Amino acid sequence: MEVGVKAWAENTRTGERAHVASAYLVFVAIDAEGNRQRVPELRPETADEIRRYEGALRRRQNREAEAAQRKQAKIESRAQQQL
């Protein structure tokens, strides 16, 4: 599950608010043994839900691609060290 978070700072004297940070948090369901567990897939219905769902899919694909690149770089680094 991906959750979007926004953090705001507020000047308590003036009431002025400013956006200071945004992030996406990813949560993974686990079973009693600590293994990943599938959960029912979300079915977006509204245009906003579909937009957010597609954005989450793109971010997941990017995370997976970056993880694969890091893994490959680690393999290549170890191979170089053995030469």
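Helices are taken as DSSP runs of H or I with at least four residues and are numbered from the N terminus, and it is in this sense that Glu54 is found in helix 1 of the predicted model.

**View 1. Overall layout of the protein chain in the predicted model.** The secondary structure of the protein chain comes to 1 helix and 2 strands, and these elements follow one another along the sequence in the pattern β-β-α. The radius of gyration of the protein chain is 20 Å, well over the 12 Å that the globule rule gives for 83 residues, so the protein chain is more spread out than a compact globule. Taken along the principal axes, the box filled by the C-alpha atoms is roughly 65 × 35 × 30 Å. Of the 83 residues, 1% count as buried, and among contacts with a separation of 6 or more, 20% are made by residues 24 or more positions apart.

**View 2. Surface and charge of the protein chain.** The accessible surface of the protein chain is about 8,100 Å², and carbon and sulfur atoms contribute 50% of that area. The side chains include 16 positive and 13 negative ones, and the centres of these two sets lie 5 Å apart.

**View 3. The pairing of strand 1 with strand 2.** Strand 1, which covers residues 2-10, pairs with strand 2, which covers residues 17-26, in the antiparallel sense over 9 bridges. Two of the facing positions can be picked out here: Val3 has Leu25 of strand 2 as its bridge partner, while Ala7 stands opposite Ala21 in strand 2. In a regular strand the side chains alternate between the two faces of the sheet.

**View 4. The hairpin connection between strand 1 and strand 2.** There are 6 residues between the two strands of this hairpin, and Gly15 takes a positive phi near 80° there. Asn11 also has its place in the loop between strand 1 and strand 2. The relative accessible area of Asn11 is 36%, so Asn11 is partly exposed, a class that lies between the 20% limit for buried and the 50% limit for exposed. From C-alpha to C-alpha, Asn11 and Ala47 are 35 Å apart in space, with their positions 36 residues apart in sequence.

**View 5. Arg38 and Leu42 in the loop between strand 2 and helix 1.** Arg38 lies in this loop and counts as exposed, because its relative accessibility of 81% is over the 50% cut-off. The C-alpha atoms of Arg38 and Val28, 10 residues apart along the chain, are separated by 8.8 Å. Leu42, which lies in the loop that leads from strand 2 to helix 1, is likewise exposed, with a relative accessible area of 59%. Although Leu42 and Met1 are 41 residues apart along the chain, their C-alpha atoms are separated by 9.4 Å.

**View 6. Glu54 within helix 1.** Helix 1 spans residues 47-82, and Glu54 is one of the residues found in it. The relative accessibility of Glu54 is 42%, so this residue counts as partly exposed. Between the C-alpha atoms of Glu54 and Pro44, which are 10 residues apart along the chain, the separation is 9.5 Å.

Technical notes
Residues numbered from 1 in each chain as written. Predicted model: local features only at pLDDT ≥ 70, side-chain atom pairs only at ≥ 80, totals over all residues. Heavy atoms only, no water. Rg over C-alpha atoms; globule rule 2.2 N^0.38 Å. Buried < 20%, exposed > 50% of the residue type's maximum accessible area, 1.4 Å probe, protein only. Contact = heavy atoms within 4.5 Å. Areas by Shrake-Rupley, 256 points an atom, 1.4 Å probe, with all protein chains shown as cover. Lys, Arg positive; Asp, Glu negative; His and termini not counted. Charge placed at Lys NZ, Arg CZ, Asp CG, Glu CD. Pairing = 2+ DSSP bridges.
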